[in-house]
Amino acid sequence: MQLDVVNNENRKVGSVEVNDDVFGGRINGDLMWESVVHANAAERRGTHKTKNRANVSGSGKKPWRQKGTGRARVGEIRNPLWRKGGTVFGPMPRSYDYRLPKKVERGALRAALAEKLKSGDIIVVDGLAAPEAKTKTAAAILKGWNVIGKAVLIDVAVDENFARSVRNIPGVSLVAASRVTARDVLGATHVVTTPGALERLQQVLV
């Protein structure tokens, strides 16, 4: 399968061959779902915290003697059975990240790229670089490529000037080919990539 390569003026300047095993395979929705859930979990802050009986304010003195009063025995006013007492087994700060097999990550990215190619939302450009950091220029280039809304731009190495140019455009992100995920691809309306990044992805995903 061949894809056209366009320049900044959206004119065809060449073509690139893509591997059918990578971009023409079965679209596995289960793998994509697992990858997206993993990426969302890894970004959770996990700063929630409740106070147990050691953290709530209150005296540690025994309110009354153990026997002889006719009342229930109690050791301190901070116990969880009392009002304003500690919370038992409440949420504590923790990381929600977990390990996902590399084969699942690669399979999910392969399926996400195949889905975008099938819908015609992958655009191959000859370069993602800018001589200076200007958001207006980057926005004009994206408009020339008919890229509207959310988009992920993929290159072998991120150009600093181009990255600074697009970072103020809502929904647009520039990602290195070695760090792109299935969530990045699925969350974008368009995928803009260079031939070098496409070749790198094919080498990893084949």
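Me: Where does Val-6 lie?
Reply: This is a predicted model. In it, Val-6 belongs to strand S1.

Me: Is Val-6 buried or exposed?
Reply: Look at the relative accessible area. Buried means a value under 20%. Val-6 has 11%, so it is buried.

Me: Which residues is Val-6 in contact with, leaving aside neighbours within four places in sequence?
Reply: Arg-11, Lys-12 and Val-13 are on the list. Ile-123, Val-124, Val-125 and Asp-126 are there too, along with Trp-145.

Me: What is the bridge partner of Val-6 in S3?
Reply: Val-125. That pair fits a wider pattern: strand S1, residues 2-6, is joined by two bridges to strand S3, residues 122-125. The two strands run parallel.

Me: What separates the C-alpha atoms of Val-6 and Gly-25?
Reply: A distance of 25 Å. Along the chain, the two residues are 19 apart.

Me: Now the sheet. In what order do the strands stand?
Reply: Read across the sheet, not along the chain. The order is S2-S1-S3-S6-S4-S5. That makes an open sheet of six strands, with mixed pairing.

Me: Which strands stand at the edges?
Reply: Strand S2 (12-17) and strand S5 (172-176). Each has a single partner strand, so one side of each has no neighbour in the sheet. From one strand to the next, the twist averages 30°.

Me: How many residues of strand S4 are buried?
Reply: Five of the five, in residues 151-155. The strand is therefore largely enclosed by the rest of the structure. Check each face in turn. Ala-151, Leu-153 and Asp-155 are buried on one side. Val-152 and Ile-154 are buried on the other.

Me: How many bridges join S4 to S5?
Reply: Five, and the strands run parallel. Take Ile-154 as a marker: opposite this residue, in S5, stands Val-175.

Me: On to the space between atoms. What shows where empty space is left?
Reply: The general idea is to roll a probe the size of a water molecule over the atoms. Here, the largest pocket holds about 290 Å³ of space. Helix H3 (102-118) and helix H7 (195-205) are the elements that each give two or more residues to its lining.

Me: Which residues lie nearest the centre of the largest pocket?
Reply: Leu-109, Ala-177, Ser-178, Arg-179 and Val-180. The full lining of this pocket has 14 residues. By class, seven are nonpolar, two polar and five charged.

Me: Let me pick a residue in helix H7. Is Gln-202 buried or exposed?
Reply: Gln-202 has its place in helix H7. Its relative accessible area is 7%, so Gln-202 is buried. Beyond its neighbours within four places in sequence, Gln-202 is in contact with Glu-17, Val-18, Asn-19, Val-22 and Phe-23.

Me: Last, the backbone angles. What is phi at Lys-84?
Reply: About 65°, a positive value, although Lys-84 is not a glycine. Find it in the loop between helix H2 (29-42) and H3. Exposed means over 50% relative accessible area. Lys-84 has 66%, so it is exposed.

Me: And where is Asn-146 found?
Reply: In the loop between helix H4 (135-144) and S4. Asn-146 has a phi near 60°, positive in a residue other than glycine. With a relative accessible area of 53%, Asn-146 is exposed.

Key: Residues are numbered from 1 along each chain as its sequence is written. This is a predicted model: local features need pLDDT of at least 70, side-chain atom pairs count only at pLDDT 80 or more; totals for chains, interfaces and linings use all residues. Side-chain values use heavy atoms; hydrogens and water are left out. On a 1 Å grid over the protein atoms alone, a cavity is a set of points where a 1.4 Å probe fits but cannot get out, and a pocket is an open set with protein on both sides within 12 Å along at least five of seven lines; lining residues have an atom within 4 Å of a point. Grid points are joined across faces, edges and corners, and a volume is the space filled by probe spheres set on the points. Helices (H or I, at least four residues) and strands (E, at least two) are DSSP runs, numbered from the N terminus. Ala, Val, Leu, Ile, Met, Phe, Trp, Tyr, Cys and Pro count as nonpolar, Asp, Glu, Lys and Arg as charged, and the others, Gly among them, as polar. Two strands pair if DSSP finds at least two bridges between them. Axes are lines fitted to C-alpha atoms, for helices over the stretch in contact, and angles run from 0 to 180 degrees between N-to-C directions. Buried means under 20% relative accessible area, exposed over 50%, partly exposed in between (1.4 Å probe, protein chains only). Contact means heavy atoms within 4.5 Å.
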